[in-house]
Amino acid sequence: MAESSSHPVASSHGVIGAYIRCMDNLSRIAAVVAGTLLAIGVLAICHMIFMRYILGESTVWQTEFTIFSITDAMLLGTPYVLMTGGHVAVTALPDVIGGVIRKIMLLIASLVGLGFCIALSYGSWHYLIEAYNLGWTTGTVWNPLLWPALLPVAIGTSLLALQYIAEILRGES
Amino acid sequence: AQTVLRLSHQFPGGQGDVRDEMAQLMADEVAAADVDLEIQVYPGQSLFKAKEQWSALVRGRLDMTSLPLDYASGRHPEFSATLMPGLVRNHDRAQRLNDSEFMTMIKDIINEAGARVLADAWLAGGFASSMRCITSPDTVEGQTMRAAGPAFDEMLATAGASIASMPSSEIYTAMQTGVLDGANTSSGSFVSYRIYEQVDCLTAPGENALWFMYEPILISEQSWDGLNEEQQQALTEAGQKAEEFFASEAAALDQEMVEVFKENGVKVVTMSKEDYQAWLDIAKQSSYKTFAENVPMGQELIDAALAVE
Amino acid sequence: MDPVTSGILVVSALFVLMAIGTPIAFALGSVSLVALVLDQGMVELTYFGETFFHSIASFAFVAIPMFILMGAAVASSPTGRDLYRSLDLWMGKMPGGLAISNIGACSIFAALSGSSPATAAAIGKMGIPEMRKRGYPDGVAAGCIAAGGTLGILIPPSVTMIVYGIATETSIGRLFIAGAMPGLMLAGLFMLWTLIACKMAGGYNTPNPVAEAAANIKQNVEGNMRALVRVLPFLIVVSGILFALYGGVATPSEAAGAGAFLCLGLAIVVYRMWQVGPIKTIMRDALRESVMIMLIIAAAEIFAFALSSMFITQTVAGAIADLEVNRWVLMAVINVFLLVAGFFLPPVAVIVMAAPILMPIILEANFDPYWFAVVLTINLEIGLITPPVGLNLFIIKGIAPDIDLRDVLLGSLPYALCMVLGIVLLCFFPGIVTWLPDLIMG
Ligand code: NA
Ligand code: NA
């Protein structure tokens, strides 16, 4: 039982080191945006509570806005959580076996994770582009355009895949 | 080998919900037709979530569904016309509407998107309030209302109501705590969410109902094309039977709501012809107008629906 | 392929991926995606982003990150330390008193936070080093924090109860209250075992050295009162929020939003944390934990969708429903299943996958869905302190890396048995669960 191992900031030189450092920074920026979106979501809910319960006025946009801002925060935050080793993994078996087999097991595990993240990122861009091209809205009372809610998802999942590559490179070096 | 069609809907399975029974009836009819075709019903969102069914259907990820067509209005704004105040009025008129130019236009959009209608179904609904009976437009003034869609919201707001948006499952709590004074939803939801425990007055559909919603059984065009002629024939016939079954049950649903509310000591009223006309006038200045301005063919759709006798 | 064969293949593939160290969320997600593509075609890959996004984009689910944010605001303030000091002063003189006050502090902190790892971390950071300093056996020190921390998801608020409420369409407010009494009961059982363990180890008899205590007593009393005064506002805010929820005034998401906002405000005012640093820490901790949990929930939702899509869920549920057995035998079978699932998967994943299958069976066998929620939660709490996937064990390892894993596991095991005993008690006295919700909500 362990969280996937977290690595020190890359110290290697050359293209690989630069790539890793670049991804680390991008993931940190995404995390700051995600934290802000989470906080904004909380404020939107509080605004709704104030309008609905205290002023007794109509509330139209807050619920949907909160759903999107917080869900977007969760997906934008994934690359940072990957970088800091926060996605729970069971490395007990590889750790017990050790040696080359451990390395191979963990590499396969990483490649599976990477494959998943690429698929997710592909699917997210597909959804975003379709929603943008066809001008989809959410079909609710507020009825905003859907694509702005999907943009952070596509960016977050793409960064996740790119960060996974950085983690694999970091593990090799 | 046997072709299996997956039918998804959001209503409770095996508990007497008319829309679930409609789906089961189609499955039974198709099985009885003995054309190597099976309909597997996934009730209660056990496969796709309610709002994801349309998208799954038109992409061929799902074969069949029974859903409120308005759920897809984010992708096809024209579908809002199937949950537009005052366009249907009563069950008899709903039957005539099914064969009208209005429904031809709606079904053309459904077909273009990649689905086809197997069975039509129009559900009625009403208003309930813990403040005062909702009949003429001035009765909603000052009430905080939960409406069932943008078009209703706009009409109610124009008549002077304050709007709170929430899913129908939250109406009960919101009424209990005084966040809501009144609500507007289908007869079935009013009963299943026990709204009668929280209100003093029910506006039943009757002859002049403002609230009607279209909930057809649809099949994906891709799945339809994959069937042979016999199978298509069997599905069409099963759809016809399901539609007839629903038409015979629809009015009974309203009657059941009225009885349950009366048993619980709730006053039951209906809208008069004059009330209905007054609401229609407000709708024309508000939701119809917005719909006509924002939706291609919006005005034509409204005109076509209102033209039905 | 028939549903049973494909079910076995899917579950085996999941276990292989998890065993080689694939993060759980990615293992769940990739197995489901491959199964869906093989079963339904490439269209599932094309629309995977849409399916994934909508599996967590709902108003009910946003309550989870906000409850976690609320807990993080409380946790990053010195509340844990304050709580712990107050209790230590009251209980420190009795045998095993320090360990017992740790469990007490865990219970109170559980009422401020919705997550178990957060509870273990907040109290453990102070408690484990202190207990070891005063000569408690490593196993007891680690075990009582690991187990006490699991109360985080039983004593309200609870992130997993929210997921259960969403999955089974039961009232989240009622689920929360249902967990309160069983939570206290478990805390009591944990304390009882701690006493016994300390007696057996002979390690209880090392309280504060007397001289130190005498010198500090006056200062301690004052510090104690001050500490209490500082913890009190959090307790008031959180109980106010929860009462709004129970009274039906607020939905869980509204309660969570208001709670997060107010606790963040209190952390800033009461603990003077208005610099950028502490607020950044709160947001970072909340983001890390909620992203981890929400990603697992999303992946588990996709996994459940894949199982349902391949008719595996329906086949399994039908087979269980057709078992012609006594309802208590059925309950025992379900418990063993949950326990085993909990060994390998985090609580939220088990609930997302199992609750929709089990709910109709539970209702059919005439069990109360709220009572079952508590039984299920305790099963999953056991999973939090057992290998291979025990989130709380990971927290303990982070706090005290030098305690041997074997000691942690052996120290935690008796607490797991306490929980089994708790489940048995609930079977005999279901009123422990149902009495309070009936009293408050009718
Ligand atoms: Na808790
Ligand atoms: Na475990």
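These legends go with close-up views of a predicted model.

**View 1. The sodium ion (ligand 1) and its donors in chain C.** Here we're looking at a site made from backbone-style O donors: C:A110 (O), C:S113 (O), C:G152 (O), C:I155 (O) and C:P157 (O) coordinate the sodium ion (ligand 1) at 2.2 to 2.4 Å. Read along the chain, the donors follow the spacing A-x2-S-x38-G-x2-I-x1-P. C:S113 sits in the loop between α7 (97-110) and α8 (116-133), while C:P157 sits in the loop between α9 (138-150) and α10 (159-168), so this pair ties together parts that are 44 residues apart in sequence. Both C:S113 and C:P157 are buried.

**View 2. The sodium ion (ligand 2), also held by chain C.** The protein donors here are C:F343 (O), C:G383 (O), C:V389 (O) and C:T386, and that threonine shows up with two atoms, O and OG1. Distances to the sodium ion (ligand 2) run from 2.3 to 3.0 Å. In sequence, the donor residues are spaced F-x39-G-x2-T-x2-V. Two of these donor residues, C:G383 and C:T386, are buried.

**View 3. B:S223 and its polar partner B:D63.** Find B:S223 in helix α8 of chain B, which covers residues 221-225. Is B:S223 buried or exposed? With a relative accessibility of 10%, B:S223 counts as buried, because the cut-off for that is under 20%. The side chains of B:S223 and B:D63 are joined by a polar contact of 2.7 Å. If you skip residues up to four places away in sequence, B:S223 touches B:L5, B:L62 and B:D63.

**View 4. B:A27 in helix α1 of chain B.** The helix around B:A27 spans residues 18-33. B:A27 has 9% relative accessibility, so it counts as buried. What does B:A27 contact, leaving aside its neighbours within four places in sequence? The partners are B:I39 and B:V41. For a sense of scale, B:A27 and B:L37 are 10 residues apart in sequence, with 9.1 Å between their C-alpha atoms.

**View 5. A nonpolar patch on the surface of chain C.** Seven side chains to pick out here: C:L413, C:L417, C:V420, C:L421, C:V424, C:F428 and C:F429. Together they offer about 690 Å² of accessible area. One of the patch members, C:F429, is found in the loop between α20 (405-428) and α21 (431-441) of chain C.

Conventions
Residues are numbered from 1 along each chain as its sequence is written. Chains are lettered from A and ligands numbered from 1 in the order in which they are written. This is a predicted model: local features need pLDDT of at least 70, side-chain atom pairs count only at pLDDT 80 or more; totals for chains, interfaces and linings use all residues. Side-chain values use heavy atoms; hydrogens and water are left out. Donors are N, O and S atoms within 2.8 Å of the metal (3.2 Å for Na, K and Ca); water is not among the atoms, so sites may look incomplete. Buried means under 20% relative accessible area, exposed over 50%, partly exposed in between (1.4 Å probe, protein chains only). Helices (H or I, at least four residues) and strands (E, at least two) are DSSP runs, numbered from the N terminus. A polar contact is a pair of N or O atoms within 3.5 Å; within protein, one must be able to donate a hydrogen and the other to accept it, and residues adjacent in sequence count only if both atoms are side-chain atoms. Contact means heavy atoms within 4.5 Å. Patches are made of residues with over 30% relative accessible area and no salt bridge: like charges are joined within 9 Å, nonpolar side chains (Val, Leu, Ile, Met, Phe, Trp, Tyr) within 5 Å. Accessible areas come from the Shrake-Rupley method with a 1.4 Å probe; for residues, only the protein chains shown count as cover. A salt bridge is a side-chain nitrogen of Lys or Arg within 4 Å of a carboxyl oxygen of Asp or Glu.
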